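Reader: Please take a close look at one part of this model: the strands. Then follow them outward into whatever packs or opens around them.

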Amino acid sequence: MTDHTLRHELRPALVLLAAFTLLTGVVYPLAVTGAAAALFPREAGGSVVMRGGTAVGSALIGQDFQGPMWFHGRPSAAADGPYQPRLSAGSNLGPINPALLDSVRARAAALRAEGGATAELPVDLLTASGSGLDPHITPAAARWQEARVAAARGLLPATVHALVTAHIEARQFGLLGEPRVNVLQLNLALDSLRGTP
């Protein structure tokens, strides 16, 4: 094969490689990013939650709230520590894995020691989500924590109950997903009742 023939054979392949690299690596990402920013600016920006002009988190990423005065989110199995967004992950433990059973027992004991309703613990307070960064809990999980939060903050249980009710998000379009409560938004609303603790 001569050099001329080789160049003739390689040229279409190199042109296509360059064209598709430009199209899929530059044009398409810029178009999608631009469309998202134009149509859904808050979501495209990370759904950042502001407080007093300062970013305090994202409505899409759970945070690790510790202590009886806060509503707690789902346990996190993120690889780099609880709620570390750089290494989002689930535990990948099977339902009969002894390590999973031990962790569930430990979480249940910790929740009961901290105080809360005497009713059965909601499963989402005992098991980590697939991402390890779930920002939501079920309404049942929020209800289970109402008495503890009210006692820790010196609030009337009815006040906390009403706050939780106000923060229950319905199914999307009335049929997608399950009712849920965003833990960050709920805790910020708690702070607004009596200022930051």
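Author: **The strands and their surroundings**

His 136 has its bridge partner in E5, and that partner is Asn 182. The model is a predicted one. Strand E5 covers residues 180-182, and 2 bridges join E3 to E5. The two strands run antiparallel.

Now widen the view. E3 and E5 belong to an open sheet of 3 strands. The order is E3-E5-E4, and the pairing is antiparallel. Strand E3 (136-137) and strand E4 (168-169) each have a single partner, so one side of each lacks a neighbour in the sheet. These two strands stand at the edges.

Next, the hairpin. Strand E1 (residues 48-51) and strand E2 (residues 54-58) are joined by 4 bridges. They too run antiparallel. Met 50 has Ala 55 in E2 as its bridge partner. Between the two strands of this hairpin lie 2 residues. One residue in the turn is Gly 52, with a positive phi of about 60 degrees.

Stay with E1 for one residue, Val 49. Is Val 49 buried or exposed? Its relative accessibility is 6%, so Val 49 counts as buried. Beyond four places in sequence, Val 49 touches a run across the hairpin: Thr 54, Ala 55, Val 56, Gly 57, Ser 58 and Ala 59 are among its contacts. Val 49 further touches Leu 184, Gln 185 and Leu 188. Those three fall within helix H6 (183-194). Asp 191 is 142 residues from Val 49 along the chain, yet their C-alpha atoms are separated by 14 Å.

H6 leads into the core. The largest nonpolar core has 27 residues. Two or more residues come from each of helix H3 (98-114), helix H4 (139-153), helix H5 (157-166) and H6. H6 gives the most, with 6 residues. Phe 71 and Leu 121 have the most contacts inside the core. Leaving aside neighbours within four places, Leu 121 is in contact with Ala 108, Leu 111, Arg 112, Leu 126 and Trp 144.

Phe 71 brings in a residue of helix H4, Glu 146. With neighbours within four places left out, Glu 146 is in contact with Phe 71, Val 160, His 161 and Val 164. The last three lie in the span of H5 (157-166). Glu 146 has 10% relative accessibility, so this residue counts as buried.

What about empty space? Rolling a probe the size of a water molecule over the atoms shows where it is left. A search of the whole structure finds 1 cavity of 30 Å³ or more. The largest cavity holds about 40 Å³. Val 183 and Leu 184 line the cavity, along with Gly 62, Gln 63, Phe 65, Gly 73, Tyr 83, Asp 134 and Pro 135. By class, this lining has 5 nonpolar, 3 polar and 1 charged residues. Leu 184 thus appears twice: the residue lines the cavity and touches Val 49.

The largest pocket has a volume of about 330 Å³. Its lining has 16 residues. Asp 64, Gln 66, His 72, Gly 73 and Pro 75 lie nearest the centre. The lining splits into 7 nonpolar, 5 polar and 4 charged residues. Gly 73 lines both the pocket and the cavity.

Conventions. Residues are numbered from 1 along each chain as its sequence is written. This is a predicted model: local features need pLDDT of at least 70, side-chain atom pairs count only at pLDDT 80 or more; totals for chains, interfaces and linings use all residues. Side-chain values use heavy atoms; hydrogens and water are left out. A nonpolar core is a set of buried Ala, Val, Leu, Ile, Met, Phe, Trp, Tyr and Cys residues joined through side-chain atoms within 4.5 Å. Buried means under 20% relative accessible area, exposed over 50%, partly exposed in between (1.4 Å probe, protein chains only). Contact means heavy atoms within 4.5 Å. On a 1 Å grid over the protein atoms alone, a cavity is a set of points where a 1.4 Å probe fits but cannot get out, and a pocket is an open set with protein on both sides within 12 Å along at least five of seven lines; lining residues have an atom within 4 Å of a point. Grid points are joined across faces, edges and corners, and a volume is the space filled by probe spheres set on the points. Ala, Val, Leu, Ile, Met, Phe, Trp, Tyr, Cys and Pro count as nonpolar, Asp, Glu, Lys and Arg as charged, and the others, Gly among them, as polar. Two strands pair if DSSP finds at least two bridges between them.
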